[in-house]
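Subject: Handover of a structure, with findings

Dear colleague,

Please find below the structure that I am handing over to you. I should be grateful if you would read the notes beneath it with the coordinates open.

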Amino acid sequence: MNSKRYCTGWPVAAALAATVQALPSLAAPLTLDEALRLAEYNAPSLTAQAAKLEAANSAAIPAGELPDPKLLLGVQNFPVGGPDRWSIDQDFMTMQMVGVMQEVPNRDKRRARIEVAEAAVDRAAAESRVERLKVRQATALAWISSHSVERKQALFQDFFRENRLLGDTVRAQIAGGRAQAADAVTPKQEAALLAEQQDELIRLRVQARAALRRWIGPAADEPLAGSVPAWPIAAEGYAHKLQRNPALTAFAPITREAQAKVREAQAEKQSDWSWELDYQRRGREFGDMVSVQFSFDLPLFPGSRQNPKIAARHAELNQLEAEREVLAREHAQQLEEDLAEYQRLNRAVRRSQDSLLPLAKEKVELTMASYRAGKGDLAPVIAARRELIEARLKQIDFEELRALTSARLYFTYGENHQ
């Protein structure tokens, strides 16, 4: 009795244990590495590619096999006239027949079919690698965008705090007779503009999280943790790795598949054949018989049958070679553009850190000092504060764009070629 209870409760206990083990990973902050791991587990496109690979493997098993044999049943020489008409066992020539027939495609055709199936398996595997690259890259880009939006949102706490301090300063200046009463409205206007920008960031955050959710599912709603990795960008080595890009290397099995289809079409010029073995039963007073026969295809008109198929397969092969060259040139162009963009963004980030941000802060301090001393108006202060806010937001924009560009380069040329 106790044994039965134990056996009945064990699956439930095991399920609870698995659930408890899974809870920490679900509740943990979402780092980039965790997002990449979840994407490989949750992305439907990778599941589809895995099913495609499984299908190709299964389809390759019977590729070189002979067709199924055929069972033959019938009556031969059945009389429909004369004294023995409609009789199945009176005429000595009437026979009840049972037999088997086997079609045998020629050896080259079967070998080509095996090559087509093997190339299809390699093609599915290559396409899975390409899709994995796309998923990981898209996940990284979505995570970086979400991270950057939240960095901007965090800045607005400082912006609103500084705005409140500005409001206190303006009221003190008005009370001391060193500013006009209308100046009291200006900090409020600035606060409204800040709120408008903050609303835009809320929209961008929703979009970024939706993009991330596409790849990793509900875990995209978890709080982000960590920072953007500083991926190494080896510009001088990427040109040599261009031809090993998964999208280009995937053309190798596709080309082999097309070449095998050419050989399969060429094998149509050779005869297929078949054999047939029949057992023929006659009346009891007549002896039974056995028949054996062979048949052969006669490809007598290749100009209108086989040659057009061969030409079509050759054209498909030429199409693949041209498409690969198109893609190679497209990737070469994109690589040069991304490297140039990465260098530009590197300079922009350094310029912002070393020059634009410090100068914007200094300008705010100087204009504020003049305003507090009663030697300047409030308008230059507001303009300088606006420039500083834009400079701080643009700093994050530059860093985000640089991270996005480096992610594209790394996942395409770095991660897969360590």
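The notes below go from the chain as a whole to four individual residues.

The model is predicted. Its mean pLDDT is 88, and 93% of the residues of the protein chain reach 70 or more. The exception to keep in mind is the stretch of residues 1-26, where pLDDT stays under 50. For that stretch the model has two contacts beyond four places in sequence.

Overall architecture

The protein chain contains ten helices and four strands. From the N terminus onwards, these elements are arranged as α-α-α-β-β-α-α-α-α-α-β-β-α-α. The radius of gyration is 38 Å, whereas a compact globule of 418 residues would have one near 22 Å. In terms of principal axes, the C-alpha trace spans about 140 × 75 × 45 Å.

As to packing, 37% of the 418 residues count as buried. Among contacts with a separation of 6 or more, 80% are made by residues 24 or more positions apart.

Surface and charge

The protein chain exposes about 24,600 Å², and carbon and sulfur atoms supply 56% of that area. Its charged side chains comprise 56 positive and 56 negative ones, with the centres of the two sets 5 Å apart.

Residues in helix α4

Two of the residues I examined belong to helix α4, which covers residues 107-175: W143 and K109.

W143 has a relative accessibility of 0% and therefore counts as buried. Its contacts, apart from neighbours within four places in sequence, include L30, T31, L32 and A35. Further along the chain, W143 also touches L212 and the run L224, A225, G226, S227 and V228. By contrast, L317 is 174 residues from W143 in sequence and 40 Å from it in space, C-alpha to C-alpha.

K109 is a charged residue that counts as buried because its relative accessibility is 3%, under the 20% cut-off. Beyond its neighbours within four places in sequence, K109 is in contact with E264, A267, E268 and D272. One of these partners, A267, is 158 residues away along the chain, yet the C-alpha atoms of K109 and A267 are separated by 5.1 Å.

A buried arginine in helix α10

R385 lies in helix α10, which comprises residues 378-414. At 8% relative accessibility, R385 is likewise counted as buried. Leaving aside neighbours within four places in sequence, its contacts are F159, E162, N163, L166, E190 and V364. Of these, F159, E162, N163 and L166 fall within the residue range of helix α4.

A loop residue with positive phi

Which loop holds N77? N77 is placed between β1 (70-76) and β2 (95-104). Its phi is near 60 degrees, a positive value in a residue other than glycine. N77 is partly exposed, because its relative accessible area of 42% lies between the cut-offs of 20% and 50%.

When you go through the model, these points may be convenient to take together: the buried residues W143, K109 and R385, and the partly exposed N77. Residues 1-26 should be read with their pLDDT of under 50 in view.

With kind regards

Definitions and conventions:
Residues numbered from 1 in each chain as written. Heavy atoms only, no water. Rg over C-alpha atoms; globule rule 2.2 N^0.38 Å. Buried < 20%, exposed > 50% of the residue type's maximum accessible area, 1.4 Å probe, protein only. Contact = heavy atoms within 4.5 Å. Areas by Shrake-Rupley, 256 points an atom, 1.4 Å probe, with all protein chains shown as cover. Charge placed at Lys NZ, Arg CZ, Asp CG, Glu CD. pLDDT = per-residue confidence, 0-100.
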